[in-house]
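Biologist: Could you take me through one part of this protein at close range? I would like to know what that part is, what surrounds it, and how it fits into the rest of the chain.

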Amino acid sequence: MPVADYKTYCTLLDRARSGRFALAAVNGTSLTTANAVLRGLAESKSDGIIQVSTGGGAFASGSSLKDMALGAISIAEHVHRAAERYPIYVALHTDHCLKDKLDKFVLPLVEETEKRRAAGRPNLFTAHMFDGSNLSLQENLEISAKLLERFAKNDLVLEIETGAVGGEEDDVVGEKSAKLYTTPEDTLEVARKLNSSGGRYLLAATFGNVHGVYKPGHVKLKPGVLKECQEVVVKTYGESARFYLVFHGGSGSTLSEIHEALDYGVVKMNVDTDMQYAFTRAIAGHMFKNYDGVLKVDGEVGNKKVYDPRSYLALAEAAMAERVKQAVSDLRSTGKTMFAS
Ligand SMILES: [Zn+2]
């Protein structure tokens with residue numbers, strides 16, 4: 001299927017929320033990882049999301065260019081072409097982007113979409129995230145409202161974050177003193193500032209989440225915070241104000257915590273760290289098993305079959321696709337592609 005357009009993506013989000021499942025959002029940093037996501041989603045008969053981070057975009061553009069927007073465009077263009085051949089819908093997101101990187105990442109990508117639309121072509125990305133969680137709520141929402149206005153004109157979905165997720169992702173390190181739990185008052189303010197625009201947005205509200213990976217018990221996850229936020233916003237502004245929530249920093253969460261979050265309106269869950277491990281685990285296995293083939297030991301010539309990067313990258317792609325299938329299943333999304341219905 002083609003990459004989900006605005007209308008399709010909105011329908012995917014509606015179906016997810018009412019069906020209490022979520023779309024897996026997996027980071028793509030290369031052709032190989034993007035292909036792994038497409039394969040995992042297709043084998044799960046599930047729709048999902050490929051997202052590109054600022055660091056992922058810089059990596060994909062090549063180590064001498066390190067141009068985060070250029071790399072994001074390259075991955076997105078590949079996904080547009082490849083996705084046509086898979087029997088599922090995939091949406092293209094960009095991941096966390098702090099205020100000081102908007103000019104280098106999100107805005108050039110929005111401009112790219114504007115150019116494409118003017119030429120009668122589909123949007124480049126489906127959605128972009130602005131991460132203002134390190135700012136005051138007021139500044140966070142002022143910037144979000146401005147972005148949302150521009151996004152609404154271009155059929156783009158915005159993702160925002162309130163509170164602060166602990167831990168580390170890409171080069172964003174959460175502060176120890178950070179607000180790990182969003183308050184109902186914060187989310188009411190989000191609705192008050194953003195809902196009049198008519199633009200579509202997703203909200204990553206923190207409930208004790210931690211980016212990166214920590215052993216369970218590092219921070220207490222309280223999905224009930226999400227329930228409270230939904231109840232107060234619906235009570236104040238009506239059912240149409242109910243949030244579409246995003247779960248960040250969920251590595252190491254228990255299945256029951258994930259399912260509870262889905263019950264409260266989480267429609268997208270970012271799953272990066274576990275995918276990175278699955279990918280690298282397969283390569284590590286290959287290297288240890290074939291150490292005398294991947295290395296030229298004692299004057300030998302090694303084994304071209306096992307040091308050809310395709311040999312282990314294919315294993316990594318397959319292993320990551322399997323891990324995507326696991327994530328999709330955890331998110332109750334297996335078999336739920338809209339393509340089949
Ligand atoms: Zn986050």
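**A close look at helix H10 and its surroundings**

Modeller: Happy to, and let's start with helix H10, which covers residues 273-289. Its 17 residues reach 24 Å from the first C-alpha to the last, close to the 24 Å expected at 1.5 Å a residue. Please keep in mind that this is a predicted model.

Which residues of H10 are buried? They are Thr-273, Met-275, Ala-278, Phe-279, Ala-282, Ile-283 and His-286. A general point helps in reading that list: an α-helix has 3.6 residues a turn, so residues three or four places apart point the same way. The cover over the buried residues of H10 includes strand E1 (23-27) and helix H2 (31-44), together with helices H11 (291-294), H12 (304-307) and H13 (309-330).

One of those partners, H2, deserves its own visit. The 14 residues of H2 should span 20 Å at 1.5 Å a residue, and its end C-alpha atoms are indeed 20 Å apart. Because 11 of these 14 residues are buried, H2 is largely enclosed by the rest of the structure. Among the buried ones are Thr-32, Thr-33, Asn-35, Val-37, Leu-38, Gly-40, Leu-41 and Ser-44. The buried residues of H2 pack against H10, as well as E1, strand E2 (48-52), helix H4 (68-83), E3 and H13. Just after H2 comes Lys-45, with a positive phi of about 50°.

Two loops beside these elements also hold residues with positive phi. For background, most residues other than glycine have a negative phi. Arg-20 sits in the loop between helix H1 (6-19) and E1, and its phi is near 55°. With a relative accessibility of 43%, Arg-20 counts as partly exposed. Asp-298 belongs to the loop between H11 and H12 and, although not a glycine, has a positive phi of about 50°. At 75% relative accessibility, Asp-298 counts as exposed.

From H2 we can step across to E3, the strand of residues 90-94, where His-93 is placed. Is His-93 buried or exposed? It counts as buried, because its relative accessibility is 0%. The side chain of His-93 makes a polar contact of 2.7 Å with the side chain of Tyr-9. Beyond its neighbours within four places in sequence, His-93 is in contact with residues including Ile-49, Ile-50, Gln-51, Val-52, Phe-125, Glu-159, Leu-202 and Lys-268.

The loop that follows E3 leads us to the metal site. Which residues supply the protein donors of the zinc ion? They are His-96 through NE2, Glu-161 through OE and His-248 through ND1, lying 2.0 to 2.1 Å from the ion. The spacing of these donor residues in sequence is H-x64-E-x86-H. His-96 and Glu-161 link distant parts of the chain: His-96 is in the loop between E3 and helix H5 (106-118), while Glu-161 is in strand E5 (residues 157-162), 65 residues away. Both His-96 and Glu-161 are buried.

Helix H5, at the other end of that loop, contains Pro-108. With 24% relative accessibility, Pro-108 counts as partly exposed. Not counting residues up to four places away in sequence, Pro-108 touches Ala-69, Leu-102 and Asp-103. Pro-108 and Gly-249 are 141 residues apart along the chain, and their C-alpha atoms are separated by 27 Å.

Finally, here is the whole chain around our helix. Its secondary structure comes to 13 helices and 11 strands. The radius of gyration is 20 Å, close to the 20 Å that the globule rule gives for 341 residues, so the chain is as compact as a globular protein of that length. Along its principal axes, the C-alpha trace spans about 75 × 50 × 40 Å. Buried residues make up 54% of the 341 residues. Of the contacts with a separation of 6 or more, 76% come from residues 24 or more positions apart. The chain exposes about 15,600 Å², of which carbon and sulfur atoms supply 53%.

Methods. Residues numbered from 1 in each chain as written. Predicted model: local features only at pLDDT ≥ 70, side-chain atom pairs only at ≥ 80, totals over all residues. Heavy atoms only, no water. Helix = DSSP H or I, 4+ residues; strand = E, 2+ residues; numbered from the N terminus. Buried < 20%, exposed > 50% of the residue type's maximum accessible area, 1.4 Å probe, protein only. Polar contact = N/O pair within 3.5 Å; in protein donor to acceptor, adjacent residues only side chain to side chain. Contact = heavy atoms within 4.5 Å. Donors = N, O, S within 2.8 Å, 3.2 Å for Na, K, Ca; no water. Expected span 1.5 Å × (residues − 1). Rg over C-alpha atoms; globule rule 2.2 N^0.38 Å. Areas by Shrake-Rupley, 256 points an atom, 1.4 Å probe, with all protein chains shown as cover.
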